[in-house]
Every structure is written in structure tokens, then in C-alpha cells.
Amino acid sequence: MYAKRRLTALALGIASLTTMLTGTSALAAGTTESSEGQIVWLRSSKPIDLPLGTDYRQDLTRQRSAISAETPQTSEAPTPLEPSSEANEQRIAQESGETYVAEPGDAAAEKRIRAAAALTKEQCRAMSDAHDAAGKIINHFSFCRWGYNTAVKLSGEGAVEGMVRFRETEIGTGSGELRDATIEVHTDQVVASGKFNDAAMMSFYIGQGAWPSSSSCRVADVSSNPFTTTVADWRDEYIAYGLVSGRGSGTGPDDIATCVYNHQWKVTGGGATTPWSSGPEGGLRFDSSKSLGSKYYDAGAVFDRVTPSFSYDRAQSDTAGVANHIYDALYKPLTTYPVKAGKVIPGDVWNANPRPLHRNWTNYDAAAAEVTRKNRNAKDAACRGLSRPNDSYQCDEFPFASTKEGAGFGDGNFSVRYVPGAENSKAGTELADWYGSDRILHNNAYGIFVQ
């Protein structure tokens, strides 16, 4: 149910557009279409203008480029969200194709955290891809999404009797210290008319679904849920709330819990009440992992519907040997050792056929320890076939020893090469620090980007 539909409204004919819109509308409570008409919720990337008395369907046909690929589902009561397991969240991340590049070093990691905390609504709205239903995951700690919500009250003949439209901007901030994320909601550009004028009441509800149990995620820091005030009050409104997971409420050695959330809206005015709209979902993962090193906090909250990528730079002198080795492994695998016909080495998530790596934490369980043992033995055996330039060189492997796809995987899709020992140690430290700073846990997928 979580896969995103990729319909394109521009490609739809007039008839199919009408079907899509009326298919997500709802009759006013206790009425029939012939007597009272319909109430329709729409989600769009551009403002929708529907003057009072106009024919709703004809006017929308002229504006169809504004309609989002997904229009909000509606119900008479706030919609409870179905929980999403850790495995399902990883599937969503892979299917979305979303990734970001993390540069090595403490300064770069701190910059990612600072940028998340400092993201403004103006910066979010400037991101053209953030109005997609999935929003924009900037990095594990930063998320933004924006779009226009429109509620339309129709007469039995399809004429507009009332409309309220507003822009909604969401900014999410994760944490590298606590099982606690913050979601900010900004509303502006409110246009109200007819039955849904400034005096109408509009309610905001935070829906959420928690895994592995109902206690794994809760809404915090709100005075009421739903929150209701006049349409006029929403003209420049700001609400912030928390999504919090208690320690011990997750599963496995990393105490992992997930949270699916969305925003739902309802308008009441002029004797008419809309059903609740159900906006696009977001996803979070909480953990209390001991796998990230003592310099990092053992609790965090990240936006997990993304496959992160770690960067190495061939022009960076202190890791150039490793960067060049990874570059050849990813893009010229047939030139690498050991020789294998048709060799394809995983790690590139930027092409049409992404092949991510998956972290293997040795102390996770007995199976993880066995992966580490096999990787080490296979790498050492392969290195014996190479000549070592001098004692200062070390045998480097890719995929890394800390991955499930390492030399011990058994398919021959790996590479070994002697590189300066200082560079190999530096690159290994940078990778381990990135695991910690971006909270890359056991079995998490990631890619490698070589500058």
C-alpha cells in the first residue's frame, strides 16, 4: 500500500481527469449528489482557483497541470495509518530511488546536522522536487515537503458553492542523540470563499502508525489532536509537534522502531462539513544502537525512506589510492583483481540498476560474525596473489569488509589492491565515522559515490 503511484495528470484526457477527481471526492454527510452536491479534496503543486458559481469540472480541466499525481483520500473520521515494518521501510527507500551524498569527516557530518536544524520554509519551498507526494529527504536528519490543499463544495449541478485553499509546508528534523523527531507545519496563501469562508472552522489532525507495537511511536508536544481554529487563523500559522519513541519499544539488538505519519484536514462552514482529507505519508526510524562507536550517541531518529551514499574523492591526497581503487571497482571492474569474466561489483546506486551495499555489524549476531570471518579469509586469500610494493602498503578490498557483499560473499564480484597503508587506514576511519554520524545500522543499504 505504500508504493507511490506515478500518474501524470498532464497526460490524462478530460474524461479520465474527471474520473480521477470524482473518485476521490465524497458526498456531503446525509445528502445526495442531486440535492446537495459533493465535497472534494484536492492536492496540487500549483494554486487552484475556482470562483464561486463556476462549473467545477470545466474549470479544473483548464487547470489540470496543477493537480498532483496523488489526490488525498478522504474519510468521515481521521484515518489510522497502517504500521510499516523496518523491512518495508527499506523496500520503500529502494523503490523510491532517492539518495543523497555524504562527504567524509566530522565537519561535514556536523554541517548535515546544522543544515537540518536551520532549514527554513522558504528554502523548502524553493525545492521543486519537494512538492512530490514523497517529499524531499535532504539527508537522514532533514526532510521537507510542500503542496496546496483545496476543499471544494459543489452544488447538485457541479457549480462551486465554497472553496478553501492553502499551502502546507512540512519541515522534519531528525536527531543523532534522541529517539525524537520534530515536524514543523506552516500554512499560508489561504483563499476562502462561499460556504468555506474565513469564518469556517478548519481542523488539523496528525495521523500515525507505529511498529513493532502501538507504543513504538507517539505524537508529542501538541495541546490537542485534532487542533481546530477558524480558516482566517490559518493564513500564516505555525505548528510544531514531536514524534517520539521510548527506549525498549523497538526490536532487535538496535531497538529499532518505525513510525508512519501524515496530516489530515477537515473544514466546517455554511452548513457543510468536508470529510477528513488524508495527505501524503512520511516515514521515520528510531534506534538505540551500540554499533556506531563510542563518540556517537546511542539513540537517534532518521528519515529512512532514502538510500544514503558515502563519498570518496580521487583528488584527496590522503585517501586517493583507496578512492581510485573503488572507482575502478565500480566502473572498470574487468580491470580489477581477482580476474573474473563478467564481473560486476556492487556499490553504485546512481544508475538504472542500483546495486547497493549493506552494512554488516560483526557483533549483531552469529550470522554477522560468520560474514565477517568469510570476508576476511577470502580477502586474505586473494591478496596472496598480488605483489606487495613494500611494507608500508596494505591490501585494500572493495566491497568493504564491513558489508554483506564483501569478498566472502562467494560470487567473485570484489576487488583487492595494495594501497599505501596510511591511506587505507584513513579511508577506513572515515567510513566507520560515517556509519556513526549518519546512523547506518546493520543491514542498512547504502551506495558509494566517487568524485
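A residue counts as buried when its relative accessible area is under 20%. By that cut-off Arg167 is buried, because its relative accessible area is 13%. The model examined here is predicted.

Arg167 is found in strand β7, which runs over residues 160-173. Its side chain has a charged partner. A polar contact of 2.7 Å joins the side chains of Arg167 and Asp188. Asp188 also appears among the residues in contact with Arg167 once neighbours within four places in sequence are left aside. The others in that set are Arg125, Trp146, Gly147, Tyr148, His186, Thr187 and Gln189.

The chain as a whole was then described. It has 451 residues, and buried residues make up 51% of them. The secondary structure comes to nine helices and 22 strands. Along its principal axes the C-alpha trace spans about 85 × 45 × 35 Å. The accessible surface is about 18600 Å². Carbon and sulfur atoms account for 52% of that surface. Contacts were also sorted by sequence separation. Among those between residues at least 6 apart in sequence, 72% join residues at least 24 apart. The chain carries 45 positive and 53 negative side chains. The centres of these two sets lie 4 Å apart.

Aromatic pairs were counted next. The total is 18. One of the pairs is formed by Trp434 and Tyr446, whose ring centres lie 5.3 Å apart with their planes at 75 degrees. The angle is over 60 degrees, so the pair is edge-to-face. Trp434 lies in helix α9 (residues 421-437), whereas Tyr446 lies in strand β22 (residues 445-450). The pair therefore ties together parts that are 12 residues apart in sequence. Both Trp434 and Tyr446 are buried. These two residues also belong to a cluster linked by ring pairs. The cluster further contains Phe310, Tyr312, Phe398, Phe400 and Tyr435.

The loop between α9 and β22 holds Asn443. Asn443 is not a glycine, yet its phi is positive, at about 75 degrees. Its relative accessibility is 31%, so Asn443 counts as partly exposed. A positive phi also occurs at Asp255, another residue other than glycine, with a value near 55 degrees. Asp255 lies in the loop between β12 (237-244) and β13 (257-269). At 11% relative accessibility, Asp255 counts as buried.

Asn360 is a buried polar residue placed in a loop. The loop runs between β19 (357-358) and α8 (366-383). The relative accessible area of Asn360 is 3%, so the residue is buried. Its side chain makes a polar contact of 3.2 Å with the side chain of Thr372. Residues up to four places away in sequence were not counted among its contacts. With that exclusion, Asn360 touches Ala368, Val371 and Thr372, together with Ser402, Thr403, Lys404 and His442.

Strand β10 (residues 218-220) contains Ala220. Ala220 counts as buried, because its relative accessibility is 8%. Leaving out residues up to four places away in sequence, Ala220 touches Tyr241, Gly242 and Val244. The C-alpha atoms of Ala220 and Asp180 are separated by 9.3 Å. Those two residues are 40 residues apart along the chain.

Cis peptide bonds were found in the loops on either side of β10. One joins Trp211 and Pro212, with omega about 10 degrees. Pro212 lies in the loop between β9 (201-211) and β10. Another joins Asn225 and Pro226, with omega about 15 degrees. Pro226 is found in the loop between β10 and β11 (227-230).

Methods. Residues numbered from 1 in each chain as written. Predicted model: local features only at pLDDT ≥ 70, side-chain atom pairs only at ≥ 80, totals over all residues. Heavy atoms only, no water. Helix = DSSP H or I, 4+ residues; strand = E, 2+ residues; numbered from the N terminus. Buried < 20%, exposed > 50% of the residue type's maximum accessible area, 1.4 Å probe, protein only. Contact = heavy atoms within 4.5 Å. Areas by Shrake-Rupley, 256 points an atom, 1.4 Å probe, with all protein chains shown as cover. Lys, Arg positive; Asp, Glu negative; His and termini not counted. Charge placed at Lys NZ, Arg CZ, Asp CG, Glu CD. Polar contact = N/O pair within 3.5 Å; in protein donor to acceptor, adjacent residues only side chain to side chain. Phe/Tyr/Trp six-rings, centres within 6.5 Å; stacked < 30°, edge-to-face > 60°.
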